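Here are some notes on the structure you sent over, set out as numbered points. Please read them with the model open beside you.

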Amino acid sequence: MKRILIVSAAMAAVMMLTGCSTTVTGIDVPESMTVEVGQPVDLAVNYTYKNENASDEKKAAAQSEACVKLTSDSPAVTVAEDGTLTAAQGGEAIITVTSADGTLSDICKVTVIVPLTGIALDQETLALAINGTESARLTAAPVPAESTEPVDGVSYTSSNEAVATVAEDGTVTAVADGEAEITATLGEYTTSCKVTVTTAPDGIKFGKASGSLTVGGSTTLKLYTTPSEAAAPDMSQVTFTSSDENVATVDSEGKVTAQKAGKATITATYNGLTAEYSLTVNNKAAAPAGGSTAAPSSAATGNSTSPVTGGSSSGSTGSTPSTGGSSGGTTPAPEQPAPAPVPTPIPGGYVDADNGTIIEGGGVFDDAGSAGEDENAAGLL
């Protein structure tokens, strides 16, 4: 009988222990976890209790009493008022779990990744120039830009290696005038850049190095670039100056006007390049006896004429009424001088009529101020 009472007392003690309240004695969270941006962070908090045999209801009450709080040290993970964690942007965050009284805590390192959806080049178009910027490097970047995945192992190809080549590191080098497309590839992703190659001028030249005008005459100079592959100069960027504006003036379009007899140098400047034209200005021919004269000869360069003075003229085959004491009949116009020689066109250049030298740069510059069908000459006629 006594033995039965002892067993019953032990069972009652166990039942009393199981039904009593308990407290949280420990907090545990995963050491680390990785999630994608935009996803909720399911951070499981594990509790240990003073009485592990307590009922679920008592354990829930103990958790409520512990009043665990979550905090984040980075905007990569945000914490809502109800304790919900969200992966807001790529990066890392340390999530700290702490009891209300501060006696219990644990941490979890959360890594937020932003998946790669494509690649892009830092330049959609690229302009290169022989004699100028002959190479440039293209760099691949992730899409979206905030992607945390590395952009490694990108390969590059050129659609036209005769125009531009590309190295393994994305460096594009100009080869010849034209267009090419550089394509970057990373796995299933591709992107491209359009490359245009031109030839920058390495020099400029006037159609002729020298010439002459009569006082009052004018001419518009023609300007060429070298080498022959270079584009014609942009006349809006060309500046002209005269060494002596008392002898000859020049306007912004290269039109030279003779003012008085003498010599002047006309200088053209274009993107740091210069060219010079030596000009001689002669006085008008004196009127012949009899008070009349034919039209004075054109400038030695042949690209302008001086106004007629001292009477009227009808050309070398016509006649001018006699004046100034002449009697009977007419005074024939003086014979016109032979025209200056026209430069001889040659492939890729022309011959300077002054000294017969070959000047590269293309085109024919004649003494009437015109040019041949070259593409690298500019000026107004």
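1. In this predicted model, strand β3 and strand β7 (residues 85-87) run antiparallel and are joined by 2 bridges. One residue pair that can be located directly is Pro40, whose bridge partner in β7 is Thr86. The two strands belong to an open sheet of 3 strands, in the order β3-β7-β6 and with antiparallel pairing. The edges of this sheet are formed by β3 (40-41) and β6 (77-79), each of which pairs on one side only.

2. Leu43 deserves a look after the sheet, since its place is in the loop between β3 and β4 (46-49). Is Leu43 buried or exposed? Its relative accessible area is 11%, and because the cut-off for a buried residue is under 20%, Leu43 counts as buried. Setting aside residues up to four places away in sequence, Leu43 touches Val29, Pro30, Met33, Leu70, Leu85, Ile95, Val97 and Cys108. For one of these, Val29, the separation along the chain is 14 residues, while the C-alpha atoms of Val29 and Leu43 are 7.2 Å apart.

3. A second loop residue, Ser147, sits between β13 (140-143) and β14 (155-158). With a relative accessibility of 10%, Ser147 also falls in the buried class. Its side chain reaches the backbone nitrogen of Glu149 at 3.3 Å, and, when neighbours within four places in sequence are left aside, Ser147 is in contact with Val114, Pro115, Leu116 and Pro142.

4. Thr225 offers a case within a strand, as it is found in β22 (residues 223-226). Thr225 is buried, at 0% relative accessibility. A polar atom of the Thr225 side chain lies 3.0 Å from the backbone oxygen of Ala231, and this is a pair that you may wish to display when viewing β22.

5. The largest nonpolar core holds 23 residues, and those that touch the most other members are Leu126, Leu128, Tyr156, Val172, Val195 and Val197. Two or more residues are given to this core by each of β10 (118-121), β11 (125-130), β15 (164-166), β16 (171-174), β17 (178-186) and β18 (189-199). Which strand supplies the largest share of this core? That strand is β17, with 4 residues. For Leu128, the contacts beyond four places in sequence are with Thr133, Glu134, Ser135, Ala136, Val172, Thr173, Ala174, Val195, Thr196, Val197 and Thr198.

6. Strand β27 (residues 273-282) shows a clear division of its side chains, with Leu273, Ala275, Tyr277, Leu279 and Val281 pointing to one face and buried, whereas Thr274, Glu276, Ser278, Thr280 and Asn282 point to the other face and are not buried. In a regular strand the side chains alternate between the two faces of the sheet.

7. The pairing of β27 involves two other strands, one in each sense. Strand β20 (residues 210-214) runs parallel to β27 and is joined to it by 5 bridges, with Thr214 finding its bridge partner in Asn282. Strand β26 (residues 262-270), by contrast, pairs with β27 in the antiparallel sense over 9 bridges, and here Ala264 has Leu279 as its bridge partner. The hairpin of β26 and β27 has 2 residues between the strands, and in this hairpin Asn271 takes a positive phi near 50°.

8. On the cysteines, how many disulfides does the model contain? The count comes to 0, the criterion being a pair of cysteine sulfur atoms within 2.5 Å. Two cysteines can be set side by side for their surroundings: Cys67 is partly exposed, with a relative accessible area of 36%, whereas Cys193 is buried, with a relative accessible area of 0%.

9. As for the protein chain as a whole, it contains 2 helices and 33 strands, and buried residues make up 35% of its 381 residues. Among contacts with a separation of 6 or more, 57% are accounted for by residues 24 or more positions apart. The chain exposes about 20600 Å², of which carbon and sulfur atoms supply 51%.

Definitions and conventions: Residues numbered from 1 in each chain as written. Predicted model: local features only at pLDDT ≥ 70, side-chain atom pairs only at ≥ 80, totals over all residues. Heavy atoms only, no water. Pairing = 2+ DSSP bridges. Buried < 20%, exposed > 50% of the residue type's maximum accessible area, 1.4 Å probe, protein only. Contact = heavy atoms within 4.5 Å. Polar contact = N/O pair within 3.5 Å; in protein donor to acceptor, adjacent residues only side chain to side chain. Core = buried A, V, L, I, M, F, W, Y, C linked by side-chain atoms within 4.5 Å. Areas by Shrake-Rupley, 256 points an atom, 1.4 Å probe, with all protein chains shown as cover.
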